[in-house]
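Visitor: I'd like a close look at one part of this model, the sheet and what packs around it. Could you take me through it strand by strand?

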Amino acid sequence: MFTDLFSLRGRVALVTGGSRGIGKMIAAGFLAQGAARVYITARKAAACDATAKELTAAYDGECIALPIDISTNAGIEMLAGEIGKREGKLDILVNNAGAAWGADFDEFPESGWDKVINLNLKTPFFLTKALAALLRAAASAERPAKVINIASIDGIFVNPLETYSYAASKSGLIHLTRRMAAKLIGDHIVVSAIAPGPFKSDMNKAARDNADEVATRVPAGRIGTDEDMAGTAIYLASRAGDYVVGATIAVDGGIVYANPGIQGGGWDH
């Protein structure tokens with residue numbers, strides 16, 4: 001009954017923003033659990049290719065780079081087309097690509113609003129829509145397809161940093177996850193989300209460069225590791241997570257529930 005509960009053997013996944021940070025952690029975790037092929041996207045081709053080669057060399061499965069900017073619908077359609085050329089079905093989609101912008105309230109620019117909302121909130125919806133046929137082709141009652149949205153604890157509580165569009169986008173993504181889940185479960189596609197706290201990444205330079213200092217504000221006493229992030233994504237992507245529909249799991253060492261609304265520091269991927 002419990003054999004291969006967390007196995008991803010033979011499955012095909014797409015992780016957006018997979019060349020670094022949280023996306024790379026998840027891509028590596030999927031390959032470690034037996035995924036056959038994991039596609040990763042990034043805007044920078046060199047970084048995307050380098051990560052794909054690194055992960056392919058490290059695991060039995062194959063990591064394939066598709067360096068495409070998915071911040072526009074044209075890019076989304078291009079990515080969906082490239083996946084469609086290569087695969088007849090897609091078992092797992094991880095909507096991880098994201099951006100942040102900080103500015104004083106009185107100076108916050110429209111460009112900083114649109115860039116963040118488009119990539120963090122619009123792209124996950126329209127990419128899932130563009131890949132729906134491939135997800136449905138993979139999905140069955142016995143083995144649902146999976147969509148995992150990467151939100152943030154900044155969408156659950158109020159971070160004092162003035163990242164208005166970021167907080168709004170991540171809060172919106174958490175609710176969008178619920179709405180998409182209610183619709184797509186009828187097609188045996190399970191939609192869920194992860195809300196990360198502090199993990200080392202280029203977006204979270206505080207956790208990357210000052211981990212010890214950031215850790216003092218985390219109840220668990222440390223920042224997140226690759227295993228923490230990969231483990232949660234593997235759980236949701238595998239048989240173990242088939243009945244987790246519409247939920248958002250905070251992976252944050254206890255920050256949100258210890259002091260909701262008063263912690264600071266840019267807790268994100």
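To start somewhere specific: which residue in β6 is the bridge partner of Asn149?

Guide: That's Ala193. Keep in mind as we go that this is a predicted model. Asn149 is a handy place to begin, since Asn95 stands opposite Asn149 in β5 as well. Asn149 belongs to a strand whose two faces are both covered: Ala145, Val147 and Asn149 are buried on one side, and Lys146, Ile148 and Ile150 are buried on the other. Put as a tally, six of the six residues in β5 are buried. As for the pairing, β5 and β6 run parallel and share six bridges, while four bridges, again in the parallel sense, tie β5 to β4.

Now step over to β4, residues 92-95. Ile92 and Val94 point one way from this strand, Leu93 and Asn95 point the other way, and all of them are buried. That fits the usual rule: in a regular strand, side chains alternate between the two faces of the sheet. Ile92 stands opposite Lys146 in β5. Looking towards β1 (residues 12-15), three bridges join that strand to β4, and the two run parallel. One pairing to pick out there is Leu14 with its bridge partner Leu93 in β4.

Time to zoom out. The sheet is open and has seven strands, in the order β3-β2-β1-β4-β5-β6-β7, with parallel pairing. β3 and β7 (248-251) are the edge strands; each has a single partner strand, so one side of each is left without a neighbour in the sheet. From one strand to the next, the twist averages 20 degrees.

Let's follow the sheet out to the β3 edge. Strand β2 (residues 37-41) pairs with β3 in the parallel sense over five bridges, and Ile40 stands opposite Ala65 in β3. Two helices lie across this part of the sheet. α2 lies across β2 and β3 and runs at about 175 degrees to β3. Helix α3 (residues 73-86) lies across β1, β2 and β3, and its angle to β3 is about 140 degrees.

Between α2 (45-58) and β3 (62-66) there's a loop, and Asp60 sits in it. Asp60 counts as exposed because its relative accessibility is 85%, and the cut-off for exposed is over 50%. Asp60 and Leu31 are 29 residues apart in sequence, yet their C-alpha atoms are 7.2 Å apart in space.

For a contrast, try the loop that leads out of β6 (189-196) towards α7 (205-209), where you'll find Phe199. At 1% relative accessibility, Phe199 counts as buried. The C-alpha atoms of Phe199 and Val251 are 9.7 Å from each other, with the two residues 52 apart along the chain.

One last stop, a helix pair. Helix α4 (residues 110-130) and helix α6 (residues 164-184) pack at an angle of about 15 degrees, and their axes are 9 Å apart. That angle makes α4 roughly parallel to α6, and the crossing is right-handed. On the α4 side, the residues meeting α6 include Trp113, Val116, Ile117, Leu121 and Phe125; among those in α6 that meet α4 are Tyr166, Leu173, Leu176, Met180 and Leu184. The residues of this contact divide into 13 nonpolar, six polar and one charged.

Terms used. Residues numbered from 1 in each chain as written. Predicted model: local features only at pLDDT ≥ 70, side-chain atom pairs only at ≥ 80, totals over all residues. Heavy atoms only, no water. Buried < 20%, exposed > 50% of the residue type's maximum accessible area, 1.4 Å probe, protein only. Axes fitted to C-alpha atoms, helices over the stretch in contact; angles between N-to-C directions. Parallel < 35°, antiparallel > 145°, perpendicular 65-115°, else oblique. Left-handed = near helix turned anticlockwise from the far one by under 90°. Contact = heavy atoms within 4.5 Å. Nonpolar A, V, L, I, M, F, W, Y, C, P; charged D, E, K, R; others polar. Pairing = 2+ DSSP bridges.
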